Amino acid sequence: MTFAEQFPVYNDGINLEGVSKSYNDTPVLHHVAAHFPRGQMSIVAGPSGSGKTTLLNIAAGLDKADTGLVLANGFNVSALETERERTAFRSNNGYIFQNHGLLGGLSVRQNIYLPHEAQEHDVDPAWVNYLMGRLGVAQCVDQHPSTLSGGQAQRVSIVRALAHQPQIVYADEPSAALDSSTKAEVYNVLGNLTHDHGVTTVVVSHDDVALEAADKVIHLRDGIVRGAYYNKKRR
Amino acid sequence: MKERRNSNSNKKCTTAAIAAGVSTAALGYVGYKTGIAPDFLNSTIEPTPPTLPAVVDGMVAVNEGIRVAAPVAAIGAGGLAVYYTVAGLMDKKARALNTFSRADYAGTDEAMQPSSRLSGKLNTLKKGTGVAALAIVLTSATSGVEHEVSNGPLRPIDAVTDLVSQGDSDTMAYVLQGSHNTFMDDSYIEKKRLDPVVADAASHGIPIIPFKKELLNINDTSAIQISLPDALFESIIQTPVDASCDTIPVIVDETVKKSVGDTISINGVPAQVAQVKEGMAQMNRSIAIVASSDMECLQKGTDTSYFGAMLPESYKDEVSSLLAKHDMSELAVVNDDFFKENNRDFWRANGTPILLQLIAYIAIFGGLAAAGERKNALQRNVSEIGMLNAMGIGMTDMRKIEDRRALRETAKATLVAIPAVPLVAGAFNAAVSGMEIGVGPREITVGSAITLGAKMLAGRRAVGQFEKKLNLAQAVKG
């Protein structure tokens, strides 16, 4: 039996089974089981310290669970050992974090395109221009990050994350530095990408705008999944 | 905060190098006083038959090997730079890596307003290129100094034999008290025993030229004084020599800075410059030549021995037979190559240990500075590099970026160092009479090749250390 046959939901979004994680003997996640469907935007919500970011990092392959299984996009994320395996998994994904992480020595255009060129991604300039227009940063394309506001820099980092039309998008509080109307636009863009292109989107947020835009919400508290529901307004 | 980290790293490197130098000098002094230190730590010059510690021999061989390999390495590095540039024109991944290597990650928390971007660029230049340029200047100069110290002493030997042979292409052989006697130590052959051999040789048409050697002062500066037979000396200066000691004609080296007709003082005795020659000087020693009869004026008749005798190498066997005939077969007859090798080994044994320490300190400084600078650059930008890693740019690509950066910065540093290296060498040459440190492309390629190697290793090592310590989840959190 092949891996895909053994795990029939292997290619259907992201699956976590029995994932636990501790830091310095302090438990952060307890036997978490969660499914983030493909083609849907899932929000992981919960109070501060509930383990949301840890869950996201493990699902994204940025951290390793102590126990459990993580399957995503044809990869057994919990078993990625070599750099080659890790970069192969990560290069198909988009990452949006609170810290935009733009390189100050490069222009906005270079910050968006260069990481993808380095991985030989095909980036459609028309798609990038569309994203920049939707997120209101089209006029910044030749500026350096040091001249942008925090909100503008964050929006540029979102464009960077989505430029190559990834198969999975991981986002940790992507709208924390943004005003309400821009937040709505960000989730609109994420939603369009998710639904139109079959992307699996996982967002950590406790923002009402995010919850409003979500297809599925998973509540986490004290490292345990307390509930999961589909947004009826989206269905 | 981040600026202070790199500045601290450079201070630590300099402190480490100075501490190493002071402690080694202290060890050497203690060892010398107690007599328990290894020979190579003792930098006092002792004119004993040259015995080279294996490490010194190895060090010289390494320097000479690097001097041969460095131009090849420089051509290779140039080819690599061209390859990266062409690849960047044809392949987007290569172009991206080239561009990343120019930016040096620089996160936005080192925010630069447009008006201060120049100062930011100057800061970056100082960190990456400045340290490298300093390393190139010091390494190039050191390679040139070592080469001069090892080979410079052969220069005056060639100058004197050229003068004596007067254009004859035959190489010389030397009659000496012992086969390992060098120009810097003593060799005594009694005048009354060698003169009959010389007369016997002359009767058979064998040109053998006995000479004396003394360490005297020319205008209060030490010089090696050599005497040649009166007839030979007269044929060189084209002027008869009298034995009155009133006017002593002398051939001097250009480092004495006198012109023909000038009067100089040799151990307080007035002498007149008859000719000025080039190449009759080595580090701290020039050679002056007088007639044999005038040497006795300078020695005031206290010495009745020759240092040795020169002869064309083709007569070596015949002279050996003559020596045996005159019951002087205990003397050595050595050829030019063997004599020069002993002289070279003498200076290597005495001078090179000092350079060994100097080279080691420079290597410590350069290596630590390069390693520290790259480690700090990566640590300063953990968040940005973590983001790139999270996006799928792995450490393999990071190493390629570091290689490109090392190449670019070394190329820039070489351009900065090119005008500086001759200045440093010129300062050495001006400070030490007779020194002729070479400052050509070879020395600069030595400095560049060593610096490029150090930077590439440092960059790759920094990436390796970064990879081990990287907590990606923490890094992207910022």
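**Cavity and aromatic contacts in the predicted model**

The largest cavity encloses about 60 Å³ of space, and the count of cavities of 30 Å³ or more comes to one; these values were computed on a predicted model. Its lining is formed by Pro156(B), Ile157(B), Val160(B), Thr161(B), Tyr174(B), Phe183(B), Phe211(B), Ile226(B), Met310(B) and Phe339(B), which by class comprise nine nonpolar residues, one polar residue and no charged residues. Helix α5 (residues 154–165) of chain B makes the greatest contribution to this lining, with four residues.

Aromatic pairs were then considered, of which there are nine over all chains. In chain A, the pair formed by Phe75(A) and Phe89(A) is edge-to-face, because the ring centres lie 5.3 Å apart with the planes at 65 degrees. This pair links distant parts of the chain, with Phe75(A) in strand β5 (residues 75–76) and Phe89(A) in helix α3 (residues 83–90), 14 residues apart. Phe89(A) counts as buried, since its relative accessibility is 0%.

In chain B, Phe183(B) and Phe339(B) likewise form an edge-to-face pair, with 6.3 Å between the ring centres and 90 degrees between the planes. Here the two partners are 156 residues apart, Phe183(B) lying in the loop between β1 (172–176) and β2 (189–190) and Phe339(B) in helix α10 (residues 336–380) of chain B. Both Phe183(B) and Phe339(B) are buried, and ring pairs join them with Tyr174(B), Phe211(B) and Phe307(B) into a cluster. Among the residues of this cluster, Tyr174(B), Phe183(B), Phe211(B) and Phe339(B) also line the largest cavity.

A further contact with an aromatic ring involves Arg404(B), whose charged end sits over the ring of Tyr84(B), 4.0 Å from the ring centre.

How values were computed: Residues numbered from 1 in each chain as written. Chains lettered and ligands numbered in written order. Predicted model: local features only at pLDDT ≥ 70, side-chain atom pairs only at ≥ 80, totals over all residues. Heavy atoms only, no water. Phe/Tyr/Trp six-rings, centres within 6.5 Å; stacked < 30°, edge-to-face > 60°. Helix = DSSP H or I, 4+ residues; strand = E, 2+ residues; numbered from the N terminus. Buried < 20%, exposed > 50% of the residue type's maximum accessible area, 1.4 Å probe, protein only. Lys NZ or Arg CZ within 6 Å of the ring centre and 35° of its normal. 1 Å grid on protein atoms, 1.4 Å probe; cavity = no way out; pocket = protein on both sides within 12 Å on 5 of 7 lines; lining within 4 Å. Points joined across faces, edges and corners; volume = space filled by probe spheres on them. Nonpolar A, V, L, I, M, F, W, Y, C, P; charged D, E, K, R; others polar.
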